[in-house]
Amino acid sequence: MMAGENSVQSKKSIPDLASLEAVLFDVDGTLCDSDPLHHYALREMLQEVGFNNGVPIDEEFSAKSLSGKHNDDIALILFPDDIPRGIKFLEDKEAMFRRLASENLPPIKGLYKLTKWIEDLGLKRAAVSNAPRPNAELMISKLGLKDFFDAVIIGSDCERAKSYPDPYLKALEVLKVSKDHAFVCEDSVSGIRSGVAAGMPVVGLTTRNPENLLMEADPTILIKDYEDPKLWAALEELDKKGGSSKIAA
């Protein structure tokens, strides 16, 4: 059964927000379906260096061990005995990813429906990513959202990256918004944990990561994509309560 048909909701609910002032988005897998590009680049390059005795990594390994993590943490997983080598390897992999993303970067279904809803209400918005800044800015630009975001927060800019709350807390600080007036959209365990730790409701997307893994991070709701009726039911309920009404300053 797809998440859109059976979205799972926990205690913290979007309609329970006192009033909505901002929406915070992850980038990879949340704005766009970029995980296949990351997996392809990583699989090809790891094979070239003989990782795992030359046996290609599979998508399950990527989802469970790598998805959403900062490159410093990925380097430790892939090259535990030579971190500097791992960092350099991942810099080269990100360059390959950017070449691939420049050619093909599909948005998550319904993305522009949600961004229009946000714009129409005059809500603040930030992109919050563990990706290197050149990656995040490329993806945002390719999706036509360069002027949509008020801020782009990168894990490397913070004392601690996701899954710690620091990147989302920094986004709230930059936007001058309380955690009680914002929600997060995320697609990875690491990202969901970051948003939850920052004290906000988190909409989890089952873009590429297994639903059972995402549920371990305690999202508020799990959806298939931004056209999922469960998301819009929650937003409509928020609107009825007056929680999404905002008077422009």
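**Surface, helices and odd backbone spots**

Colleague: Let's start on the outside. What accessible surface does the protein have, and what part of that belongs to carbon and sulfur atoms?

Modeller: The accessible surface is about 11,600 Å², and carbon and sulfur atoms hold 49% of that. Bear in mind that this is a predicted model.

Colleague: Fair enough. What is the protein built from?

Modeller: You'll find 10 helices and 6 strands in the protein.

Colleague: And what makes you call the protein as compact as a globular protein of that length?

Modeller: Its radius of gyration is 18 Å, and the globule rule gives 18 Å for 249 residues, so the protein counts as compact in that sense. The C-alpha atoms fill a box of roughly 55 × 40 × 30 Å along the principal axes. As for burial, 53% of the 249 residues count as buried.

Colleague: What share of the contacts comes from residues 24 or more positions apart?

Modeller: Taking contacts with a separation of 6 or more, 70% are between residues 24 or more positions apart.

Colleague: How many charged side chains are there, positive and negative?

Modeller: 30 are positive and 41 are negative, with the centres of the two sets 3 Å apart.

Colleague: Now helix α5. How do you know that its buried residues line one face?

Modeller: The residues in question are L111, L114, T115, W117 and I118, from a helix covering residues 111–121. Look down the axis and those buried residues fall within an arc of 155°, so they sit along one face of α5. Their cover includes β1 (22–25), β2 (124–129), β4 (182–186) and α10 (229–240).

Colleague: Why is T115 called buried?

Modeller: Buried means under 20% relative accessible area. T115 comes in at 5%, so the label fits. Leaving out residues up to four places away in sequence, T115 touches L145 and F148.

Colleague: Which residue follows α5, and what is its phi like?

Modeller: That's G122, with a positive phi near 70°. Helix α6 (residues 133–142) is followed by G144, where phi is positive too, near 75°.

Colleague: While we're on α6, which of its residues are buried, and what do they pack against?

Modeller: The buried set is N135, A136, L138, M139 and I140. They pack against α1, α4 (83–103), β2 and β3.

Colleague: What makes N52 stand out in the backbone?

Modeller: N52 has a positive phi, near 55°, and is not a glycine. You can find N52 in the loop between α1 (35–48) and α2 (59–66).

Colleague: Why do you call N52 partly exposed?

Modeller: Partly exposed runs between the buried limit of 20% and the exposed limit of 50%. The relative accessible area of N52 is 43%, so N52 belongs in that middle class.

Colleague: And what about D218: what is its phi, and where does D218 lie?

Modeller: Phi is near 65° there, a positive value in another residue that isn't glycine. D218 lies in the loop between α9 (211–215) and β6 (221–223). Its relative accessibility is 43%, so D218 counts as partly exposed.

Colleague: Last one. What kind of peptide bond joins K162 and S163, and what is its omega?

Modeller: A cis one, with omega at about 20°. S163 belongs to the loop between β3 (151–154) and α7 (166–175).

Notes: Residues are numbered from 1 along each chain as its sequence is written. This is a predicted model: local features need pLDDT of at least 70, side-chain atom pairs count only at pLDDT 80 or more; totals for chains, interfaces and linings use all residues. Side-chain values use heavy atoms; hydrogens and water are left out. Helices (H or I, at least four residues) and strands (E, at least two) are DSSP runs, numbered from the N terminus. The radius of gyration is taken over C-alpha atoms; the globule rule is 2.2 Å times the number of residues to the power 0.38. Buried means under 20% relative accessible area, exposed over 50%, partly exposed in between (1.4 Å probe, protein chains only). Contact means heavy atoms within 4.5 Å. Accessible areas come from the Shrake-Rupley method with a 1.4 Å probe; for residues, only the protein chains shown count as cover. Lys and Arg count as positive and Asp and Glu as negative; His and the chain ends are not counted. The place of a charge is taken as NZ of Lys, CZ of Arg, CG of Asp or CD of Glu. The arc is that of the directions from the helix axis to the C-beta atoms.
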